[in-house]
Amino acid sequence: MNVLNRYHLPPEKGDYNLKNYQKIYSHFDWSEAEKHFSWKKTGLVNMAYECIDRHVDEGYGEKTALYYLNGNEEYKLTFREVKEKTDHLATVLKKHGVKKGDIVFIFLPKHPDCYLAMIAAIKIGAIAGPLFEAFMEEAVKDRISDCEGKFLITDHILGKRVPKHKLPSLEKIFITGGPEHCSEGEISLQAELENTVCEENIIEWVNLEAGLNIHYTSGSTGKPKGIVHAHRAMIQQYQTGKWVLDLKEDDIYWCTAHPGWVTGTVYGIFSPWLNRATIVVNGGRFQAHSWYRTIEKAKVTVWYSAPTAFRMLMAEGEDVQKQYDLSSLRHILSVGEPLNPEVIYWGKETLGLRIHDTWWMTETGAQLIVNLPSETIKPGSMGRPLPGIEVAVLDDNGAPLPPGEVGHLAIKTPWPSIMKEVWKNEQKYKSYFPFPGWYVSGDLAVIDEDGYIFFQGRSDDMINSSGERIGPFEVESKLIEHPAIAEAAVIGKPDPLRGEIVKAFIVLRKGYQAENQLLEEIIKFVKQNLSAHAAPREIEIVEELPKTKISGKILRRELKARELQKISQR
Ligand code: PRX
């Protein structure tokens, strides 16, 4: 652990929601956060109510809930408008048979419709299943078919990537636009909304353990697994919004993630809206000018993004940054992959602000290890455990290790936002809890004497490229569908910009030549059928793949070790 040459960054002066970490950590109990919620009176709850309707009931209906920007297009929706629109949409979904516990998949771009669809589905007790907008046929199919999804909300563009003929469980496909955009059998939401009178009191009150959202996430083996969260997650999502995002009444908050990733749902929708913040939704892809313009135009005060995005902005240089007035910013946070100390220093030097790293996972449902605005940052560290959370680094037998030793990053169970289940996969769910009382994350870490936690890598083959979690098996399965490929193995290769890139090692079938054109075609094949973010950026042709002697399983680790050695020799 090389932390000696990195200078620590003390907190900036400010009136933060959490002022004294040590003090709060020593006595905090989650029941304190629970007091905030209405279910303390009735026993029943609904995340959509707590995010939207409650604020209207409490007199904040005219406050801006959502500020959308995409190129020249721009508009705002108040909490009242979001309430009315989601009540109406929920009425239509209910009319079409969506009921409590049903999964409603939502495959839409980063656009208000996506956010409204999520809230509407949750209002009637359904489980929202947002899908990342860059998914192609196979990725969409794997997820919907795994839980035999019956309902899907999409638009006429992304809808083309839904392989209906391979999804017999799908009963209804709702298209956000008018009837002219619908193919046979699809339902136009626009037309349905025009013809349906909005039901009053549409909220389905559920208990805290009821299903809320499902996110498919990749591991090192098998296809993506459906991680299901419960409404109780709101306790921690509210509290982290208050303490970690430090949200206050006047904040304009921008989380750059698409709701198809857990960050885009939890910290793009639930957490800020539970705290009654105005959220910014920026359509379109990453582009330095448009991102800076969004901050300037919307006067963003709190900004949550990922290391790859910060590195890309850093690479664009100060000339670009200086063209924009970014003085509205007061708090910046990061998640998803290791945040390099250089990036934190860049933030401090060019924006005058520290970047606060946070650690959590799809399975954990909310932030667990954090850098708080009121505390010192040790660049290179993900921070310290949130009050209410106990973290340890365990050895292979589940015994806690002393500071300075690398081991398995584990969290004491339970906590309010921990996943409810892995969809129809009890075995997988259990695999996260190999030692009684501990959730084992799959990350390797080390804790220092002050309780700061440093990420050291993964204990499995999962790939993290640009903060996006990629399962090697999913990519390998797609690769071997290509006629030229006999065998494939995929690893994460360290990359200065993206953290890791997907690198594939392939064995060609007889009759195929190692030509650039073929490699390009293979990359395109994965991009078009699975997803652009999962497609290899590098392919190496090999004679054979390293395998275990007994079971013949591919040894990705050996390929990774070779790759790391090559890099270190350069
Ligand atoms: O390896 C860790 C990495 O991302 C994994 C979780 O990925 P996902 O479920 O997609 O959730 C991402 C955002 C909530 C972790 O097991 N990771 C997440 N945050 C950090 C991180 N690695 C290093 N530093 C972080 N701050």
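Modeller: Contact here means heavy atoms within 4.5 Å, and the model we are discussing is a predicted one.

Colleague: Which elements are included in what covers the buried residues of helix H12?

Modeller: Of the 10 residues of H12 (residues 307-316), 7 are buried, so this helix is largely enclosed by the rest of the structure. The buried ones are Pro-307, Thr-308, Ala-309, Phe-310, Arg-311, Met-312 and Leu-313. What covers them includes helix H11 (288-298), strand E12 (302-305), strand E13 (331-334), helix H14 (341-351), strand E14 (355-359) and E25.

Colleague: What phi does Gly-317 take, just after H12?

Modeller: The helix spans residues 307-316, and Gly-317 comes just after it. The phi of Gly-317 is positive, at about 95°.

Colleague: In the open sheet of 3 strands, which strands stand at the edges?

Modeller: The order in this open sheet is E24-E25-E26, and its pairing is mixed. An edge strand has a single partner strand, so one side of it is left without a neighbour in the sheet, and that applies to E24 (485-495) and E26 (538-541).

Colleague: How many bridges join E24 to E25?

Modeller: Strand E25 covers residues 499-508 and runs antiparallel to E24. One of the pairs links Pro-494 with its bridge partner in E25, Glu-500. The number of bridges joining these strands is 10.

Colleague: Which helix lies across E24, E25 and E26?

Modeller: Helix H16 (residues 472-479) packs on the sheet by touching E24 and E25, with its direction at about 140° to that of E24. Another helix, residues 516-529, runs at about 130° to E26 and lies across E24, E25 and E26, and this is H17.

Colleague: Which residues does UniProt list for the domain "AMP-binding enzyme C-terminal"?

Modeller: Over the listed stretch the chain is 26% helix and 33% strand, and its end C-alpha atoms are 24 Å apart. The UniProt entry, which is unreviewed, lists this domain at residues 474-549.

Colleague: Which helix gives the largest share of the largest nonpolar core?

Modeller: That core has 97 residues, and those with the most contacts inside it are Ile-106, Ile-153, Tyr-253, Trp-273 and Tyr-304. The largest share, 9 residues, comes from the helix at residues 112-123, namely H6.

Colleague: How many residues are in the other core, apart from that one?

Modeller: This other core lies apart from the core of 97 residues. Among its members are Ile-127, Ile-173, Ile-485 and Ile-539. Its residues number 45.

Note on methods. Residues numbered from 1 in each chain as written. Predicted model: local features only at pLDDT ≥ 70, side-chain atom pairs only at ≥ 80, totals over all residues. Heavy atoms only, no water. UniProt positions renumbered as here; feature names shortened; annotations may be inferred. Helix = DSSP H or I, 4+ residues; strand = E, 2+ residues; numbered from the N terminus. Pairing = 2+ DSSP bridges. Axes fitted to C-alpha atoms, helices over the stretch in contact; angles between N-to-C directions. Core = buried A, V, L, I, M, F, W, Y, C linked by side-chain atoms within 4.5 Å. Buried < 20%, exposed > 50% of the residue type's maximum accessible area, 1.4 Å probe, protein only.
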